[in-house]
Amino acid sequence: MRAVLRVVNRVLIGLLGLVLLVIGGSVLAVGLGAPAPSWWIHDDRHDVLLSDAERTRWRDDGWWWPTVIAVLAVLLLLALWWLTANLRRRRLAEVLVDTGDGEGALLRGRALEGVLAGEAAGLDGVERAHVHLTGRRSTPQSRVRLLLRPHVDPGTALNDLTDQALAHARTSAGLASLPAEVRLKGVKHGAERVS
């Protein structure tokens, strides 16, 4: 779904940008005195965008306002779908655990996130940890944010996270792999006195 949304975003933004570039460029060119292109809806730079006749042409037709309202409603629904699809947080609801008997069990994603975050927060030098699971339920991926205490080696904290917390989560859920994107940030602290 994320790949489809990415393609839809790029196509829509590209088309919208192209349309705005063509219209804006032609309006600017005609406004600066260039001859109007053959497809242009007006004759010269002193023409109004919509004349009285163009604005009122279909006002009395019975199909006009329902059509306008229907088109605007569809555009509004598509815009709302696009907005919610972009703002929705993709959190993995459940992880498929192989029980070894040909069946599978489902583990709540939030439970695995909580255990992984708790174990990561208990590592040496880690002030706080936040875990977010994404991906598919058979191949989950994790995003881990660690807030490190002052004077902690980030490499050591990353190795501890990989060797302990992520390894425990991977083996306990029976996963072949658990890829992780880890972001490390240091706690802000006051300057130390140097003598």
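## The hairpin

How many residues lie between E1 and E2 in the hairpin, and which residue in the turn has a positive phi? Five is the count to look for: E1 and E2 form a hairpin with 5 residues between them, and Gly 100 in the turn has a positive phi of about 90 degrees. Keep in mind while browsing that this is a predicted model.

The two arms of the hairpin are strand E1 (residues 94–98) and strand E2 (residues 104–108), which run antiparallel and are joined by 5 bridges. To check the register, start at Glu 94, whose bridge partner in E2 is Arg 108. Further along, Val 97 has Ala 105 as its bridge partner in E2. E1 also has two faces to look at: Val 95 and Val 97 make up the covered one, while Glu 94, Leu 96 and Asp 98 sit on the uncovered one. That fits the usual pattern, in which side chains of a regular strand alternate between the two faces of the sheet.

## The three-stranded sheet

Further down the chain there is an open sheet of 3 strands, in the order E3-E4-E5, with mixed pairing. Strand E3 (126–135) and strand E5 (180–186) are the edge strands, each pairing on one side only. From one strand to the next, the twist averages 15 degrees.

E3 pairs with strand E4 (residues 140–148) in the antiparallel sense, over 9 bridges. If you want a handle on that register, find His 130, which stands opposite Arg 145 in E4.

## Helices across the sheet

Two helices lie across strands of this sheet. Helix H4 (residues 109–121) lies across E3 and E4, running at about 150 degrees to E3. Helix H5 (residues 154–172) lies across E4 and E5, and its angle to E4 is about 140 degrees.

## Two buried polar residues

Is Ser 142 buried or exposed? This residue lies in strand E4, and it counts as buried because its relative accessible area is 3%, with the cut-off for buried set at under 20%. Leaving out neighbours within four places in sequence, Ser 142 is in contact with His 132, Leu 133, Leu 166, Leu 178, Pro 179, Ala 180 and Glu 181.

Thr 134 is another one to click on, this time in strand E3. At 10% relative accessibility, Thr 134 is buried as well. Not counting residues up to four places away in sequence, Thr 134 touches Arg 90, Leu 92, Pro 140, Gln 141 and Arg 143.

## Salt bridges

How many salt bridges does a search of the whole structure find? The total is 2. In one of them, the side chains of Glu 127 and Arg 149 meet at 3.2 Å, N to O. This pair links distant parts of the chain, with Glu 127 in strand E3 and Arg 149 in the loop between E4 and H5, 22 residues apart. Both ends count as partly exposed: Glu 127 has a relative accessible area of 43%, and Arg 149 comes in at 39%.

The other salt bridge joins the side chains of Arg 183 and Glu 181, at 3.0 Å, N to O. Here the two ends fall into separate classes. Arg 183 counts as exposed because its relative accessibility is 54%, past the cut-off of over 50%. Glu 181, at 36%, counts as partly exposed. Glu 181 has turned up before, as one of the contacts of Ser 142. As for the chemistry, side chains of opposite charge can pair when their charged atoms come close.

## A nonpolar patch on the surface

Which residues make the nonpolar surface patch of about 900 Å²? The list runs Leu 12, Ile 13, Leu 76, Leu 77, Leu 80, Trp 81, Trp 82, Leu 83 and Leu 87. Helix H1 (2–31) and helix H3 (64–87) are the elements that give two or more residues to the patch. H3 gives the most, with 7 residues.

Ile 13 is a good example to zoom in on. It is found in helix H1, and Ile 13 counts as exposed because its relative accessible area is 54%.

Technical notes
Residues numbered from 1 in each chain as written. Predicted model: local features only at pLDDT ≥ 70, side-chain atom pairs only at ≥ 80, totals over all residues. Heavy atoms only, no water. Pairing = 2+ DSSP bridges. Helix = DSSP H or I, 4+ residues; strand = E, 2+ residues; numbered from the N terminus. Axes fitted to C-alpha atoms, helices over the stretch in contact; angles between N-to-C directions. Contact = heavy atoms within 4.5 Å. Patch = residues over 30% accessible without salt bridge, like charges linked within 9 Å, V, L, I, M, F, W, Y side chains within 5 Å. Areas by Shrake-Rupley, 256 points an atom, 1.4 Å probe, with all protein chains shown as cover. Salt bridge = Lys/Arg side-chain N within 4 Å of Asp/Glu carboxyl O. Buried < 20%, exposed > 50% of the residue type's maximum accessible area, 1.4 Å probe, protein only.
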